[in-house]
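I opened this notebook to keep track of what I looked up in one chain, entry by entry. I wanted to see how its parts are arranged, what fills its interior and where its charged side chains pair.

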Amino acid sequence: MKNRGEMKTHDRMRAVSRLGKGSQWRDRCKSWAVTLGILILWFAVSKTGIWSSYVLPSPERVWIAFLVMVKSGVLFIHIWDSFLRVFTGFWIAFFLAFCLGILAGIKPSASAYYNHIVEFMRNVPPLSLIPLLILWFGIGETSKIIIIVLASFFPMFLNIKKGLASCDPKLLEVGTSLNFTPWQKFARIMLPNAIPDILIGMRVGLGYSWRAIIGAEMIAAASGLGYLILDSQQMSRSDKVIVGIFVIGIVGYCCDQLFSRAIRKLAHGGVYDSWS
């Protein structure tokens, strides 16, 4: 009887797994159907001549521009330079957000000293600071990285703060009964509890980093995807502009998917995506 019960349970698990895979396949088909529909509409509109090729280049022209930049290697140079800026700014922002988030989670009373400043800066668009950053730090890499830091810091800080502050008080009471030190409570109870929120904050912050790269590379950049888009616009090459937009979206999407998998793995499936 026990073996039969185990076999039935195993069969049910396999059936649920098949249903899950079938649902994922249907979702992918729907997503690709929408993408294909947009491409067909784009192709049809470009062929009708409603807009000139200067305003809306055809998919073939964009594809040719993409292949030319790939063969010459210039596209990979732009991708690499933008990736380095995003990578540097993102990890600096995470370090600052994590340190301030720990302070906010362990000592909420300390928020009176910095809360107003943080909320003020959170509502100031990073692009509005470009003139001051140029005056203070020049037109080098420092100004560009600061723009990315300002864009990605706040979503990470808010999620880290939420994750640490939302720890179950009963778990902390258990730590007290076991004579844990404050550091042990943080390392063994609060931090593991906050990992899903920390990962979500990192995922959202990374997306903001890629969104800020255009503004960051407006500061006298000589390379990068933002520079590619702006330079192509000045040269009236709308096909290259669209290539730059697509490449930023694809690279950002790939990074987002990596974080999404990390979230599902470390949170044991408890958090599906950033908006759960």
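Before starting I fixed one term: a residue is called buried under 20% relative accessible area, exposed over 50% and partly exposed in between. I also kept in mind that the model is predicted.

**Entry 1: a pair within one helix.** I looked up Glu 119 first, and with a relative accessible area of 27% it falls in the partly exposed class. Its partner Arg 122 is likewise listed as partly exposed, at 39% relative accessibility. The two side chains form a salt bridge, with N to O at 2.9 Å. I then checked where they sit: both belong to helix α4, and because they are three residues apart there, about one helical turn separates them.

**Entry 2: the chain as a whole.** I counted ten helices and zero strands, so that reading from the N terminus the order of elements is α-α-α-α-α-α-α-α-α-α. The chain has 276 residues, of which 36% are buried. Among contacts with a separation of 6 or more, I found that 71% join residues 24 or more positions apart.

**Entry 3: pairs between helices.** How many salt bridges does the count come to? I obtained eight, and I followed up some of them one at a time.

In one of them Asp 197 is paired with Lys 162, their closest N and O atoms lying 3.0 Å apart. This pair connects distant parts of the chain, since Asp 197 is in helix α8 and Lys 162 in helix α6, 35 residues apart. I noted that Asp 197 is buried, at a relative accessible area of 12%, whereas Lys 162 is partly exposed at 47%.

A further salt bridge joins the side chains of Asp 256 and Arg 203, with an N to O distance of 2.6 Å. Asp 256 lies in helix α10 and Arg 203 in helix α8, so this pair ties together parts 53 residues apart in sequence. Here the acidic and basic partners fall into two classes: Asp 256 is partly exposed, with a relative accessible area of 22%, and Arg 203 is buried, with 10%.

I also recorded a network of salt bridges, in which Arg 61, Arg 237 and Asp 239 are linked.

**Entry 4: the nonpolar core.** Which residues touch the most other members of the largest nonpolar core? Among its 57 residues they are Phe 157, Met 202 and Trp 210. Two or more residues are contributed by each of α2 (59-72), α3 (74-106), α4 (111-122), α5 (130-137), α6 (141-165), α8, α9 (225-234) and α10 (238-266). The largest share, 14 residues, is that of α8. I then followed Met 202 outward and, setting aside neighbours within four places in sequence, found it in contact with Phe 90, Trp 91, Phe 94, Met 156 and Phe 259.

**Entry 5: α7 against α8.** For two packed helices, the description rests on the angle between the axes and the distance between them. The axes of α7 (residues 169-177) and α8 (residues 182-216) come within 10 Å and cross at roughly 145°, and the crossing is right-handed. On the α7 side the contact is made by Leu 171, Leu 172, Gly 175 and Thr 176, and on the α8 side by Lys 185, Ile 189 and Met 190. Sorted by class, I have four nonpolar, two polar and one charged residues in this contact.

Terms used:
Residues numbered from 1 in each chain as written. Predicted model: local features only at pLDDT ≥ 70, side-chain atom pairs only at ≥ 80, totals over all residues. Heavy atoms only, no water. Axes fitted to C-alpha atoms, helices over the stretch in contact; angles between N-to-C directions. Helix = DSSP H or I, 4+ residues; strand = E, 2+ residues; numbered from the N terminus. Left-handed = near helix turned anticlockwise from the far one by under 90°. Contact = heavy atoms within 4.5 Å. Nonpolar A, V, L, I, M, F, W, Y, C, P; charged D, E, K, R; others polar. Core = buried A, V, L, I, M, F, W, Y, C linked by side-chain atoms within 4.5 Å. Buried < 20%, exposed > 50% of the residue type's maximum accessible area, 1.4 Å probe, protein only. Salt bridge = Lys/Arg side-chain N within 4 Å of Asp/Glu carboxyl O.
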